[in-house]
Each structure stands twice: as structure tokens, then as C-alpha cells.
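Let's take a short walk through this model together, pausing at two places. Keep the 3D view open as you read.

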Amino acid sequence: MTQHILVAVAWPYSNSDIHVGNLAGSYLPADIFARYQRLKGNQVLMVSGSDAHGTPITVKADADGVTPEEIYQRYQPRFLDLFQRLGLNYDLFTTTHTENHFKVSQALFLALKENQLLYTEEQQQWFSPALNRFLPDRYVEGTCYICGYDNARGDQCDNCGNVLDATQLVSPRAKIDGSVPELRKTTHFFLDLAKLQPQVIEFLESRKDYWRPNVVTRSLGWIRSQGLHGRPITRDLDWGIPVPVEGWEAKRLYVWFEAVIGYLSAAIEWGKISGQPDAWHRWWTDPAARAYYFLGKDNIDFHAILWPAELIGAADQFSLIFEGSEGKPLNLPYDVPANEFLNIQDRKLSGSRNWAVWALDFLERYDPDPLRYYLTAIMPETSDSNWDWDDFVARNNNELVATWGNLANRVLSFAHRHWDGRVPSLRGVSDEIGQDEAIPKLEELRPQDRQLLETIEAGFESVGAHLEAVKLRAALGEAIRLASEVNAYLDAQAPWSAVKTDKAAAGATIYTAIRAIDNLKILLSPFLPHTCEQLHQTLGYDAPLFGEQYTETQSDALGEHLVLRYRDAGASGRWAPSTLQPGRSLRQPAPLFKKLEPSVADEERARMG
RNA sequence: GGCGAGGUAGCUCAGUGGUAGAGCAGGGGACUCAUAAGCCCUUGGUCGUGAGUUCAAAUCUCACUCUCGCCA
């Protein structure tokens, strides 16, 4: 039965390039999972976009003396370039700065308001008369009221590490121009999380049996230790989404509240530009659909607590307000397989200190699949993990090149030499090759051949089960283990000897080995899509395994935005055992991976820091 | 200070009650189709420390200790 799967991927702030930590945390696992689901024949909708309204964007804009819009427009094309090169198949990668996202966010706000889950409260906030604007906490600096450090930020003191109450800062000054701010009263909307707490707990309880322990225990622990409290969802800013209430024109929706709505608005935008404006309901209001959220652990609270609270609170009011149609409740997350952090060479990753491996920079020197392979092998699924350049080189050489790439190469080269570039026929030694030869059932093969193929085909269950549970590292390990079963089989059969005395036996071995490789190509394709696609072509197939990505410019009342899309394009990959036609023509094989010199690790280490 | 995660072979990690595992690294061997790759065999651990529960604990409980993260 076809299932609808929403693959919701964390939204990057569009003020910085993407590094391997971001990839390992959310983007890559999401793509692997989505590719697997597509191969299974499920209806996947993988969406994300850039967060154009976050504080880091306005901070950078102020620092560079440009508008926030320019900042986000600067990074968006770089994101899309990276995703295409790395093969992250988003159905839609858009941005929060779209008319559609504005409308969806405002409708969700109004739904919560309608359901009596918003209230207003007066707060004190620093205001700069010189700049004539309110200052977000991190725009104010001053003396820390705890340790006396005179260069503390409004939200946190870098000296003593304490989180600060900005209004208590001593001798405050505006970061932008040094002007002295004053405290002014300002009123904001708050989301009444206390009222939603029982339903949020119920939501978490209902999923705790299959969620990752670190995600669910952390979330429940957080709620139980301090309870949920009202949280402001508006700010005094001019960049962002206007609050859809009369008299509130000068305020904007708070980014934490609005950015997560992107998962919903992107699905809606996807439907619109695909000519199926109602299609989003299949992923969002059909209870049979499943939504998986891929993110790093720093985002767990937003996705396991706050976003579900927004969805629970909006209930059936959202679609009522948004489309004026029959109201239907919105689906809650099915799973939130958040990853821990990736360290670099035993140190905490830091983009600002250049202690990072930048993804686009990496792809200048290496291919995408070795990166995907290594990041999956060390994916921080249960605890923080460590990127180590020596380890990268070793795994590339020992696992990718030696175990898997070499397997494909040795078998296909051998077939080329002795069977004239074809899959061996099982009719015997004769060169009488026809495309009409029946595809042999496993029981028609020799016992050793049947045994190997049964082992490999079992991978569709075992690797699939790991993928289904979002245990990607285990899934990849299992697939590679199966590749080495084929190496062992070849060694036992020694077709290079048999070919001299019993070419039919050697042919049976090579037929079996190619068929095993044809299976492994599918099992590995979610992880290694580029090289599996190449291998698929070498094996003589014409239709691609996966669809293709393309970019396109969308226009709306806010201007133009560049998006990444995906089209099926005759994708033929299926999560099912190979039915390899004897006698099929092969294409000239070429190595799938490059062996790396150990000195690469030294060179790369020298680049960092 | 509170909460959470983690401490298992030289390295990276898997393993939630029943005779300690994988990959890599190290040692040995047979082979030669292949990117000197692959295959077979092998060295190596008192599972952070101490106590408890149990016929039985890496696994459950408690205390302690170290690392990382979140929060105050």
C-alpha cells in the first residue's frame, strides 16, 4: 500500500554557508530516508527552505550594512548549488520570505487566536531613541550584572556564561551605534503553552516507544522539570511577517514561532506550483500520512514541543481560516529522529572560527558520494561523533574503494574480457546469446549461487528495517557487509581459474555476481546515489534510478525567490530484488571511487583553523 | 546547581539479564579477476570505580567519578 511520507528537513539560517555538521545533523539523513521511501514506491514530499527572518540574518545585515533580504538572497543560490551537487532531492526547497509563507503563518496565528490560545502581555524592552527602534536582546551590550564583565550581550554574558535578563544589564548601549537605550513598555502576543501542556505530554507519551530516547526523555524531562509557560510570539521589528491584527502593524511574528510553520507552508507552496493546490492535504490532514522531522539536537525543543503545541492548538481552525473550507486537524510529527553533534578533529565545530569542513569547499576537491558515505558511517545518531581526516581517508580507501567499488570493477571487467561485454548467458559455453533467454529463478541456479543471492536479497528486509527505523548507520553497515559476502563468494568460486577449464561454470559465477551487484546497487543507492546511478548505467539500464533536481524562480508580491524542485523524470529504481537478464549488454566499466593518498589528511588539517 | 546523554579491544563504535562483538589498525597464510584491491586465520578487553538485587549483570538499583550538551 502506498503511504504518504512527509520528510521535513530543518531550515538553515540564510546567513552562513553549510558545513558537514549541518549535513550530518539533518540534510543528509533526510535525503537518505526520502530516497529509500521513494524506492519503496511511497509518495514522498521532502520540503524545507531557508529561514530568512532569523536574528542571525539581521545581525549580519546590520554588520554588513545591507538589508536582511540581500543577505538571504546571497546564500539561497549557494544552498541550492550545494544540494544539487550533493544530490539532496528536495521536492521543494524554498524560503520563509514568500507571500505564501506569510499567509500560512498568519492563518495559523489567527487559528490559535480563535482557539483562545493567545494572550497579550506588557514587557519591558530596550529602545534606542537615537535609532528610533526597539533593540532585540542581542543588539544590546553592557556590564554583566552577575560577574561585572563590561562587554556582555543582552542575552548572554560571554565571560561568565550566564544567560541574562537583558533588562537588568548595567550601563546598556546599542550594539549598532553605541547609543544609550532606555527601557520602554511594549505589548506582545504570547502562546499559552501552559494550557497546551497536557496535550503535548500526551503527544510525547504516545510516541515514546519508538522515538530516540534522547529526544523523548529530554523533551518530557524538560516539561516535567519546569512546566510549559507562555512564550512571546511577536517582536518589535520591521523585518519579518506582520502580525495580522489591527493596530499591530509595527510588530512582526517571532521567528521561533514562524519558521517551523515552513513545513506546512512549503507543502502548500509545492502543491500550488505543481498545479495541485489541494494536494498538501494528503500529507497534512490525512491521518494515515506520516511526518518525519530531521534536525540537530539544538532544535529538539522546537520540533518535539513547540511545533506540536502550535499544531495541536490550531487544530481544525487552520484549514477553516486558510481555505474557508471544512476544517481538518493538522498531523503531528510521527517521528523526530534528531541527531547529536559532529565534532571536527576532537574539537567542537565552530563556523565563525573556521573550525569546520565546508561542504561546497569539500566538493571542490572530492566527489559527493565519499562525503555522503563518510558522514553516514559516523552519523551522530546516538551520541556526538567525530570527523577525522585520517578516518575519512581510511574509510574511503578500505570500505568504499576496496570492498564495494573494487567488487563492481573486478566483476564487470572480468565479464567484459571473457563474455564480450555482456552478462554471461546460462545456456552454456556457446556464444549464442539472446535477449530472449529467460530470467532464471533462484532455484534454477547452482546451490552456491542460490545461497549467495538469498543472502543478498535478504538485505531488502534487513537494510530496509534499519532504514525504516531511521538507523542509517546500521543500514549502511549491513549493506557493506553484504558486499563483502560477494567478495568471499568470488574467492570461493575463483572464476578466473574456472574460465580456463569450465567456462559455463565461470559464466554462472559471473552471472550470479553481477546479479548480486545489481541488488547491492539498489541497497546502497539511498546512500550513494551518484555512483549507484553510474553503476546502473554500466549494467546496461537506460532509465535512471532517481528523478532529477532543477531550480526555478518563483514570483509573488514580495518579489522573486529561487527554489529547488524535483521531478520524477522516469525514475525506475525499486526496492526489490534484481531480475537480471542473461545476455544483457553491459557498458564499459569505470572505477566508481578514487583511492586517496594518506597525505590528503595532512593537507586538509592544515586548511582548518 | 538541576536535567539529559555518554564512559565496552590501540582507534571508531554496536550490544537493555544467560558463556564479551564488528570494522579499522597489528600478526600469519593461500590466491591473482580487480583501484597492490579481495579472501581465510589470528593477537588484543577484570565492559569508568565501588556496592547491591539475581541462580546469572556490560545490561537492573544506588553511590562516586570523568566527558559532552541543555537549562537556571
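**An enclosed space and a covered helix**

Before we set off, please keep in mind that this is a predicted model. Our first stop is the cavity, and α14 is a good place to start, since this helix gives the largest share of the lining of the largest cavity, four residues. α14 spans 389-419, and together with α20 (529-538) it belongs to the helices that each supply at least two residues of that lining.

How many cavities of 30 Å³ or more does a search of the whole structure find? The search finds one. Its volume comes to about 50 Å³. If you would like to display the surroundings, select Gly-405, Ala-408, Asn-409 and Leu-412, then Leu-535 and Thr-538, and finally Pro-589, Ala-590, Pro-591 and Leu-592, which line the largest cavity. By character, seven of the lining residues are nonpolar and three are polar, with no charged residue in the set.

Now move to our second stop, helix α8, which runs over residues 262-273. From first C-alpha to last, its twelve residues reach 16 Å, close to the 16 Å expected at 1.5 Å a residue.

Is α8 mostly covered or mostly uncovered? It is mostly covered, with ten of the twelve residues buried. The buried residues of α8 include the aromatic pair Tyr-263 and Trp-270, as well as Leu-264, Ile-268 and Glu-269. Gly-262, Ser-265, Ala-266, Ala-267 and Gly-271 are buried too.

Just follow the chain onward to finish the tour: after α8 comes Gly-275, with a positive phi near 75°.

How values were computed
Residues numbered from 1 in each chain as written. Chains lettered and ligands numbered in written order. Predicted model: local features only at pLDDT ≥ 70, side-chain atom pairs only at ≥ 80, totals over all residues. Heavy atoms only, no water. 1 Å grid on protein atoms, 1.4 Å probe; cavity = no way out; pocket = protein on both sides within 12 Å on 5 of 7 lines; lining within 4 Å. Points joined across faces, edges and corners; volume = space filled by probe spheres on them. Nonpolar A, V, L, I, M, F, W, Y, C, P; charged D, E, K, R; others polar. Expected span 1.5 Å × (residues − 1). Buried < 20%, exposed > 50% of the residue type's maximum accessible area, 1.4 Å probe, protein only.
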